[in-house]
Amino acid sequence: MKDWPYPLWIAHRGAGKLAPENTLAAFRVGASFGYRAFECDVKLSADGVPFLLHDDTLERTTPASGTAGARPWAELARLDAGAWHSRAYAGEPLPSLGRIARYCLHNAFALNIEIKPTPGDEENTGRVVAQEAARLWAGHRALAPLLSSFRPIALTGARQSAPQLPRALLLDNLWSGWFEVAQDNACVAVITNHRVMDAALIAQLHGAGLRALVYTVNEAVDAQRLLALHIDGIITDAVDRFAPAGGLGFMA
Ligand code: G3P
Ligand code: MG
């Protein structure tokens with residue numbers, strides 16, 4: 001297997017649920033608990049700017065509604081993406097990928113960019129996000145972000161525009177043909193729902209030179225099981241309960 005530069009513990013959407021997901025504030029909270037690797041969801045504005053948002057639409061995490069990817073970045077950048085979470089975070093903006101890249105590079109943090117396309121825009125999103133990531137991380141090869149997606153065609157787009165950036169296939173279940181898709185897209189890792197990861201799957205992945213990662217592990221019993229199997233990466237919301245460095249990763 002190739003060298004694996006990413007820390008074992010990865011904070012989901014910045015800091016899970018302790019701060020508004022996919023905001024810079026969330027990354028700061030994750031970092032305050034010692035996390036040095038982060039996962040976030042990235043899609044495109046109508047004018048092609050990669051920015052952080054999980055949902056296709058705006059209503060859950062901002063005062064606006066409708067398809068996020070239908071609005072230009074200038075409009076999205078003015079939205080409050082923090083007040084929905086708690087008063088302390090009111091006014092927190094939706095971050096562009098550029099803003100998060102600067103934060104991660106400055107702190108030497110690793111990033112897993114989940115390409116989360118607006119439906120219908122999968123390949124283009126993969127292409128543009130990878131192109132922008134390659135530009136933002138140029139000259140910082142050791143910190144190159146891991147690009148992942150549930151959508152194979154988004155990974156294909158990413159490979160077209162930035163073949164040098166590592167890719168991972170995300171799997172909620174082991175659908176027919178997943179292994180060939182991971183190999184066809186020259187993925188370096190597969191990231192599954194933690195419930196489907198077991199010793200046989202890790203052996204299959206490691207045997208093919210791929211790393212095995214899981215999302216979203218929030219219970220100690222699940223973390224213990226996966227650590228015993230020598231999992232390569234764990235994405236978690238529970239940044240206040242799993243210590244990212246040393247031992248089994250549990251906070252006292
Ligand atoms: O990247 C893994 C995980 O984030 C996938 O699920 O829905 O939280 O983006 P979701
Ligand atoms: Mg995600």
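**Strand 9 and the magnesium site**

In this predicted model, L213 has G233 in strand 9 as its bridge partner. The chain reaches strand 9 from strand 8 by way of helix 8 (residues 220–228), and the resulting β-α-β crossover is right-handed. Strand 8 itself spans residues 211–215, and its pairing with strand 9 is parallel, built on 2 bridges.

Strand 9 also pairs with strand 1 (residues 9–11). Here too the strands run parallel, joined by 3 bridges, and A11 sits opposite T236 of strand 9. Strand 9 thus has pairing contacts with strand 8 and with strand 1.

A look at the two faces of strand 9 (residues 233–236) rounds out this picture. G233 and I235 lie on one side, I234 and T236 on the other, and all four are buried, leaving both faces covered. The bridge partner of L213, G233, is therefore buried as well as paired.

Turning to the metal, the magnesium ion (ligand 2) takes its protein donors from E39 (OE), D41 (OD) and E114 (OE), at 2.0 to 2.2 Å. Along the chain, these donors follow the spacing E-x1-D-x72-E. How accessible are E39 and D41, buried or exposed? E39 has a relative accessible area of 3% and is buried because this value is under the 20% cut-off. D41, at 0% relative accessibility, is likewise buried.

How values were computed:
Residues numbered from 1 in each chain as written. Chains lettered and ligands numbered in written order. Predicted model: local features only at pLDDT ≥ 70, side-chain atom pairs only at ≥ 80, totals over all residues. Heavy atoms only, no water. Donors = N, O, S within 2.8 Å, 3.2 Å for Na, K, Ca; no water. Buried < 20%, exposed > 50% of the residue type's maximum accessible area, 1.4 Å probe, protein only. Pairing = 2+ DSSP bridges. Right-handed = clockwise from strand over helix to strand, strands pointing away.
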